[in-house]
Amino acid sequence: MNGNNPYAGAPGVTGAGQASADRELTVEQMDALRRAVAGIVSRTESYLPEGFAVGSELSTGSTGPLATVAVHPPVGHPVSAGFSPDADELDAGLTDEDRNEVARGLAATAAFQVMSAVGDDLTPAAR
């Protein structure tokens, strides 16, 4: 019955369902995360034609802040990429290379979902 004991667990380890105090971000760090995610959304949209819906979500989980960017293609399954940056990463800033890599990966995967859903049954409109 140790699981019911509020003092169970190793010292210094955050308990189940408890927020970690050292994982809290400052206002500046949250703003940096918002800007980074907005940049990823914008870059992903630039790689895709109209008809693909791109969005993002910021939340806080038991391990700290969570950022998710998702693409819903016109046909096929939605795809997403999520990451949980730590304060040091946000202070240093997410590099353009990292942002581009995530955006290209999401765009390519979303395009693949469309190709998989449509298959070879499409008659080309032009040559």
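## Reading a predicted model, strand by strand and helix by helix

Reader: In this predicted model, which residue of strand 2 is the bridge partner of valine 54?

Author: Strand 1 covers residues 53-61 and is joined to strand 2 by nine bridges, the two strands running antiparallel. Among the pairs, glycine 55 is matched with alanine 70 of strand 2. For valine 54, the bridge partner in strand 2 is valine 71.

Reader: Which residue of strand 3 stands opposite valine 71?

Author: Strand 2 is also joined to strand 3, by five bridges and in an antiparallel manner. One of the pairs links valine 69 with alanine 81 of strand 3. Valine 71, which has valine 54 as a bridge partner, stands opposite a residue of strand 3 that is valine 79.

Reader: What is the order of the strands in the sheet, and which strands stand at its edges?

Author: The three strands form an open sheet with antiparallel pairing, in the order 1-2-3. Each edge strand has a single partner strand, so one side of each is left without a neighbour in the sheet, and the strands in this position are strand 1 and strand 3.

Reader: By how many degrees are neighbouring strands of this sheet turned against each other on average?

Author: The sheet in question is the open one with the order 1-2-3. If the direction of the strands is ignored, the average turn between neighbours in this sheet is 15 degrees.

Reader: How many residues lie between strand 2 and strand 3 in their hairpin, and which glycine there takes a positive phi?

Author: The hairpin that joins strand 1 to strand 2 does so through two residues. In the hairpin of strand 2 and strand 3 there are six residues between the strands, and a positive phi near 100 degrees is taken there by glycine 76.

Reader: In what sequence do the elements of the protein chain run from the N terminus on?

Author: The secondary structure of the protein chain comes to three helices and three strands. Read from the N terminus on, these elements follow the pattern α-β-β-β-α-α.

Reader: At about what angle does helix 1 run to strand 1, and at about what angle does helix 3 run to strand 3?

Author: Helix 1 lies across strand 1, strand 2 and strand 3, and its angle to strand 1 is about 155 degrees. Helix 3, for its part, lies across strand 2 and strand 3, and its angle to strand 3 is about 155 degrees.

Reader: What does helix 3 reach from its first C-alpha to its last, and which glycine takes a positive phi just after this helix?

Author: Helix 3 runs over residues 96-118, which makes 23 residues, and at 1.5 Å a residue a reach of 33 Å would be expected. The model comes close to that expectation, with a reach of 33 Å from the first C-alpha to the last. Just after helix 3, a positive phi of about 70 degrees is taken by glycine 119.

Reader: Which elements are included in what covers the buried residues of helix 3?

Author: The buried residues of helix 3 are Arg99, Ala103, Leu106, Ala107, Ala110, Gln113 and Val114. Over the protein chain of 127 residues, buried ones make up 24%. What covers those of helix 3 includes helix 1 (27-47), strand 2 (64-72) and strand 3 (79-83).

Reader: How many salt bridges does the structure hold, and which one ties together parts that are 53 residues apart in sequence?

Author: The structure holds two salt bridges. One of them joins arginine 43 to aspartate 96, with the closest N and O atoms 3.2 Å apart. Because arginine 43 lies in helix 1 and aspartate 96 in helix 3, the pair that ties together parts 53 residues apart in sequence is arginine 43 and aspartate 96.

Reader: Which residue forms a salt bridge with arginine 34, and are the two partners buried or partly exposed?

Author: The closest N and O atoms of this pair are 3.2 Å apart, and the partner of arginine 34 is aspartate 31. Both residues lie in helix 1, where they are three residues apart, about one turn of the helix. Arginine 34 has a relative accessibility of 43% and aspartate 31 one of 32%. Since buried means under 20%, arginine 34 counts as partly exposed, and aspartate 31 likewise counts as partly exposed.

Key. Residues numbered from 1 in each chain as written. Predicted model: local features only at pLDDT ≥ 70, side-chain atom pairs only at ≥ 80, totals over all residues. Heavy atoms only, no water. Helix = DSSP H or I, 4+ residues; strand = E, 2+ residues; numbered from the N terminus. Expected span 1.5 Å × (residues − 1). Buried < 20%, exposed > 50% of the residue type's maximum accessible area, 1.4 Å probe, protein only. Contact = heavy atoms within 4.5 Å. Salt bridge = Lys/Arg side-chain N within 4 Å of Asp/Glu carboxyl O. Pairing = 2+ DSSP bridges. Axes fitted to C-alpha atoms, helices over the stretch in contact; angles between N-to-C directions.
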